[in-house]
Amino acid sequence: MATVLVVDDDALSREFMRTLLGHRGHQIREASDGDSALTLAARQPPDAVITDVLMPGVDGYELARALRSQPATSHIPIAFSTAHYGPQEIQPLADACGVTDVIFKPAHPSTVLATIDALLVPGRSSNR
């Protein structure tokens with residue numbers, strides 16, 4: 001299966017993603033902030049990234065922009081995860097950052113699994 005980098009400052013949100021995606025057979029790497037995520041992605045680029053939008057320090061927007069700016073990570077599909085924005089607010093920001101999908105919290109397990117399956121479709125463009 002795939003390696004998925006889950007980035008969220010909330011430990012329970014990371015645990016939910018780790019458990020759910022781990023049961024699907026994916027290898028999960030976790031970061032509690034954007035800086036740590038960038039370090040992990042630089043060492044070994046994941047197959048996909050799911051990142052919270054609002055985090056202290058490097059937030060999800062900055063993380064997505066930084067990943068897009070590096071040749072080794074520019075192709076990685078990214079999904080935002082958010083509890084604070086509605087679809088009308090987040091979609092233009094996601095598009096501007098090259099983010100493929102958005103997961104709205106609290107997320108239903110089937111939604112998360114469908115999103116990760118879509119992110120991992122070979123040849124799918126990481127930019128909307």
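This report walks through a predicted model, beginning with its sheet and ending with a few individual residues.

## The sheet

A good place to start is the open sheet, which is built from five strands. Reading across it, the order is β2-β1-β3-β4-β5, and the pairing is parallel. As background, the strands of a sheet pair through backbone hydrogen bonds, in either a parallel or an antiparallel way.

Which strands stand at the edges? They are β2 (27-31) and β5, and each has a single partner strand, so one side of each is left without a neighbour in the sheet. On average, neighbouring strands of this sheet are turned by 20° against each other, with direction ignored.

Helix α1 (residues 11-23) packs on the sheet, where it touches β1 (3-7), β2, β3, β4 and β5. The direction of α1 makes about 170° with that of β2.

## Strand β4 and its two partners

Now let us look at β4, which covers residues 78-82. Five of its five residues are buried, so β4 is largely enclosed by the rest of the structure. From this strand, I78, F80 and T82 point one way, while A79 and S81 point the other way; all of them are buried.

On one hand, β4 pairs with strand β3 (residues 48-52) in the parallel sense, over four bridges. In this pairing, V49 stands opposite I78 of β4. The route from β3 to β4 runs through α3, and this β-α-β crossover is right-handed.

On the other hand, β4 pairs with strand β5 (residues 101-104), again in the parallel sense and over four bridges. Here F80 stands opposite V102 of β5, and A79 stands opposite D101 of β5. Together, β4, α4 and β5 make a right-handed β-α-β unit.

## A cluster of rings

The structure holds two aromatic pairs. One of them joins Y61 and F80 in an edge-to-face arrangement, with 5.3 Å from centre to centre and 85° between the planes. This pair links distant parts of the chain: Y61 belongs to helix α3 (residues 60-69) and F80 to strand β4, 19 residues apart. How accessible are these two residues? Y61 is buried, with a relative accessible area of 9%, and F80 is also buried, with a value of 0%.

Y61 also forms an edge-to-face pair with Y85, with 6.4 Å between the ring centres and 70° between the planes. Y61 lies in helix α3 and Y85 in the loop between β4 and α4 (87-97), so this pair ties together parts that are 24 residues apart in sequence. Y85 counts as partly exposed because its relative accessibility is 24%. Through these ring pairs, Y61, F80 and Y85 are linked into a cluster.

## Where α3 meets α4

Helices α3 and α4 pack at an angle of about 25°, and their axes are 9 Å apart. At that angle α3 is roughly parallel to α4, because angles under 35 degrees count as roughly parallel.

Which residues make the contact between these helices? From α3 come Y61, A64, R65 and R68, and from α4 come I90, L93 and C97. Y61 is familiar from the ring cluster, where it is linked with F80 and Y85.

## A buried glycine

G34 has its place in helix α2 (residues 34-43). Is this residue buried or exposed? G34 is buried, with a relative accessible area of 0%.

Leaving aside residues up to four places away in sequence, G34 touches V7, M55, V58 and L63. For G34 and L63, the C-alpha atoms are separated by 5.5 Å, although these residues are 29 apart along the chain.

## A cis peptide bond

One last detail concerns the backbone. Most peptide bonds are trans. The bond from K105 to P106, however, is cis, with omega near -5°. P106 lies in the loop between β5 and α5 (109-119).

Methods
Residues are numbered from 1 along each chain as its sequence is written. This is a predicted model: local features need pLDDT of at least 70, side-chain atom pairs count only at pLDDT 80 or more; totals for chains, interfaces and linings use all residues. Side-chain values use heavy atoms; hydrogens and water are left out. Rings of Phe, Tyr and Trp (its six-membered ring) pair if their centres lie within 6.5 Å; planes under 30 degrees apart count as stacked, over 60 as edge-to-face and the rest as tilted. Helices (H or I, at least four residues) and strands (E, at least two) are DSSP runs, numbered from the N terminus. Buried means under 20% relative accessible area, exposed over 50%, partly exposed in between (1.4 Å probe, protein chains only). Two strands pair if DSSP finds at least two bridges between them. A crossover is right-handed if, with the strands pointing away from the viewer, the path from the first strand over the helix to the second runs clockwise. Axes are lines fitted to C-alpha atoms, for helices over the stretch in contact, and angles run from 0 to 180 degrees between N-to-C directions. Contact means heavy atoms within 4.5 Å. Angles under 35 degrees count as roughly parallel, over 145 as roughly antiparallel, 65 to 115 as roughly perpendicular and the rest as oblique.
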